[in-house]
Amino acid sequence: PSTRMLLNQLDSIEVQCNNDGCGWIGPRGNLTDHLRLTCQHYKCPQARRAAGACEWAGKLSDRQQHIDECPYTPMQCPQVPEGCEVQVIERRMVPRHIDEDCIVTIRRRRTEHEAAEA
């Protein structure tokens with residue numbers, strides 16, 4: 001058989017989406033469109049890290065925006081350029097870190113306190 005005929009036969013085979021929670025079953029030839037356009041069961045990359053991690057699920061087209069905003073996405077402290085050494089912290093922990101633990105904030109407060117006492 002020709003390559004095209006073989007591909008047509010393969011594309012007609014029923015397959016299912018392998019994203020957790022998605023029940024889509026359809027022709028193999030439609031799987032790419034399903035995954036790219038309609039599947040709403042893509043998970044956040046942080047969902048696999050630990051219990052209690054991100055539970056977001058949605059469309060592939062929305063995934064990057066979610067990752068950019070996800071409170072569980074690892075990032076570095078925004079004060080690294082000023083001397084903080086924290087290279088990996090969950091986005092949701094950054095405000096507390098800056099307020100309580102960041103060496104840049106601690107130094108700044110110490111300097112302000114010393115200036116106020118002088």
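How far apart are the mean positions of the positive and negative charges of the protein chain? In this predicted model, the mean positions of the 15 positive and 17 negative charges lie 6 Å apart.

The overall architecture is a good place to continue. The protein chain contains five helices and six strands, and reading along the sequence gives the pattern α-β-β-α-β-β-α-β-β-α-α. The chain is more spread out than a compact globule, because its radius of gyration is 24 Å, well over the 13 Å that the globule rule gives for 118 residues. The dimensions of the C-alpha trace can be read beside this value: along the principal axes, the trace spans about 90 × 30 × 20 Å.

Burial and contacts add further detail to the picture. Of the 118 residues in the protein chain, 24% are buried. The accessible surface comes to about 8400 Å², and carbon and sulfur atoms account for 51% of that area. Among contacts with a separation of 6 or more, 10% are made by residues 24 or more positions apart. As for the interior, the largest nonpolar core is made up of five residues, namely Cys77, Val80, Cys84, Cys102 and Val104. One of these core members, Val80, is also in contact with Val86 and Gln87, when neighbours within four places in sequence are left aside.

Helix α3 offers two residues to look at. This helix covers residues 60–69, and Glu69 has its place there. Is Glu69 buried or exposed? With a relative accessibility of 53%, Glu69 counts as exposed, because the cut-off for that class is over 50%. In space, the C-alpha atom of Glu69 is 9.7 Å from that of Arg92, while the two residues are 23 residues apart in sequence. Arg63 also lies in helix α3. Its relative accessibility is 21%, so Arg63 counts as partly exposed; the buried class would require a value under 20%. Beyond its neighbours within four places in sequence, Arg63 is in contact with Tyr42, Lys43, Pro45 and Trp56. A distance of 7.2 Å separates the C-alpha atoms of Arg63 and Cys44, which are 19 residues apart along the chain.

The loops deserve a visit too. Lys59 is found in the loop between β4 (57–58) and α3. A relative accessible area of 27% makes Lys59 partly exposed. Which residues does Lys59 touch, not counting those up to four places away in sequence? The partners of Lys59 are Leu37, Cys39, Gln40 and Tyr42. Tyr42 is thus a contact of Lys59 and also of Arg63. Leu35 is 24 residues from Lys59 along the chain, and their C-alpha atoms are separated by 8.3 Å.

A further loop, between β3 (42–43) and β4, holds Gln46. Gln46 counts as buried, because its relative accessibility is 10% and the buried class takes in values under 20%. The surroundings of Gln46 can be listed by name: leaving aside neighbours within four places in sequence, Gln46 is in contact with Ala53, Cys54, Cys70, Tyr72, Thr73 and Pro74.

Terms used: Residues numbered from 1 in each chain as written. Predicted model: local features only at pLDDT ≥ 70, side-chain atom pairs only at ≥ 80, totals over all residues. Heavy atoms only, no water. Helix = DSSP H or I, 4+ residues; strand = E, 2+ residues; numbered from the N terminus. Rg over C-alpha atoms; globule rule 2.2 N^0.38 Å. Buried < 20%, exposed > 50% of the residue type's maximum accessible area, 1.4 Å probe, protein only. Contact = heavy atoms within 4.5 Å. Areas by Shrake-Rupley, 256 points an atom, 1.4 Å probe, with all protein chains shown as cover. Lys, Arg positive; Asp, Glu negative; His and termini not counted. Charge placed at Lys NZ, Arg CZ, Asp CG, Glu CD. Core = buried A, V, L, I, M, F, W, Y, C linked by side-chain atoms within 4.5 Å.
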